[in-house]
Amino acid sequence: MAFWFSRASRSFRASSLTQLHLLSPSSPVTKPSPLPKTPIPTPTPYQYFFHFEFSAPKSIHSSPNPTDPSLSTTSSSPFKNGGNLSTSSGGGDGGPSKVSQPASSSWIDLYLPESVQPYARLARLDRPIGTWLLAWPCMWSITLAATPGNLPDFKLLSLFGCGALLLRGAGCTVNDLLDRDIDTKVERTKLRPIASGILTPFQGLSFLGLQLLLGLGILLQFNTYSRVLGASSLPLVFSYPLMKRLTFWPQAYLGLTFNWGALLGWSAVKGSLDPAVVFPLYVSGVCWTLVYDTIYAHQDKEDDLKVGVKSTALRFGDLTKNWVTGFGIACISGLTLSGFNAELGWPYYACLSVAAGQLVWQIWTVDLSNGADCNRK
């Protein structure tokens, strides 16, 4: 034991002397060499504020390999590539541009069950503009038929609004069933539920039956004259999708279908038709449809030529603005005549002037060679 303490004591003294020698003033002090200076990169504006990385969820059809690059995508700063958030590849021949936009979630994706979503898209519930275009002639007619000095019947307005929603959905379903072979060849329509195979034709047909049954329930709320008049529009609804195969004027046929409510709304209030009021209203609605749907058809000109379907956009060609200007004049003239025969006051013509100004702006500013602009206008 004493021997062990003696060895430990000598080791401690030797270690202490070595440390004292290093700390003594006589020992040379060496300064550590400075670290090399490296330049600090200057961050570009927004470099760290707008850089996001997203990992796409695995699909049931995707590869189980976690290193598969198709399972993840990276979205960098939107200020790259000149700040463009979308790319467009327009044809060099001046044809309509095909705009590629990032997929965005609609209210259908957010609020409806996954099993219901394809049916909602089949009825175009995420694109309500078609329902409004179908409902407005009904609203005009109901308003014209109202007793002077009184507001239109809100119950009728509500019924016609629901009917427009169902009839538009039924028309879109019929269109997709008959055009499923064409839709697969057109860029804008190839992802529709039936064309893409998400829904089978039988499922689409069953959904069509449900919509027509609900529409019948609404039609039965009207008087007998209106029931017969409303049911007589069904041949137009079912035959419209075939018109693009037969004539260059499918937009005119669509106008006959979409504006049937101009006749039906008046009869629902009055129990009959007044030709002096409703016929000019109906014709003006058809001309209005020829304006907006001809503009809309210009975005599909290239695809229509490839698959062999017809449209007024192909029929009018470079003279489209001249044609739609004529239809716009006929539309406003018909509305003016209808209001005159209905003995309406100056507020009607003031509102009609605003509508005419909007129509002039739409025709004047539309770029028929730009598919995205045609879609907006």
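What is the volume of the second largest pocket? In this predicted model, the second largest pocket comes to about 450 Å³. Its lining is made up of 24 residues, with Gly163, Leu167, Gly215, Leu219 and Gly230 lying nearest the centre. Helices H4 (129-145), H5 (154-178), H7 (201-219), H8 (224-231) and H11 (261-270) each give two or more residues to that lining, and H5 supplies the largest share, seven residues. Sorted by class, the lining has 17 nonpolar and seven polar residues, and no charged ones.

Turning to the packing, the largest nonpolar core has 52 residues, and Phe160, Phe222 and Val291 have the most contacts inside it. Helix H12 (residues 275-297) puts in the largest share of this core, 11 residues. A second, separate core has just six residues, including Leu122, Leu177, Ile194 and Phe207.

The structure also holds 13 aromatic pairs. One of them is Phe160 with Phe222, a stacked pair at 4.9 Å centre to centre and 20° between the planes. That pair ties together distant parts of the chain, since Phe160 sits in helix H5 and Phe222 in the loop between H7 and H8, 62 residues apart. Phe160 counts as buried because its relative accessibility is 4%, and Phe222 is likewise buried, at 7%. Leaving aside residues up to four places away in sequence, Phe222 touches Leu156, Leu159, Phe160 and Arg227.

Trp288 and Tyr292 pair up edge-to-face, 5.1 Å centre to centre with 75° between the planes. Both belong to helix H12, four residues apart, or about one turn of the helix. Ring pairs join Trp288 and Tyr292 with Trp132, Trp136 and Trp140 in a cluster.

Methods
Residues are numbered from 1 along each chain as its sequence is written. This is a predicted model: local features need pLDDT of at least 70, side-chain atom pairs count only at pLDDT 80 or more; totals for chains, interfaces and linings use all residues. Side-chain values use heavy atoms; hydrogens and water are left out. A nonpolar core is a set of buried Ala, Val, Leu, Ile, Met, Phe, Trp, Tyr and Cys residues joined through side-chain atoms within 4.5 Å. Buried means under 20% relative accessible area, exposed over 50%, partly exposed in between (1.4 Å probe, protein chains only). Contact means heavy atoms within 4.5 Å. On a 1 Å grid over the protein atoms alone, a cavity is a set of points where a 1.4 Å probe fits but cannot get out, and a pocket is an open set with protein on both sides within 12 Å along at least five of seven lines; lining residues have an atom within 4 Å of a point. Grid points are joined across faces, edges and corners, and a volume is the space filled by probe spheres set on the points. Ala, Val, Leu, Ile, Met, Phe, Trp, Tyr, Cys and Pro count as nonpolar, Asp, Glu, Lys and Arg as charged, and the others, Gly among them, as polar. Rings of Phe, Tyr and Trp (its six-membered ring) pair if their centres lie within 6.5 Å; planes under 30 degrees apart count as stacked, over 60 as edge-to-face and the rest as tilted.
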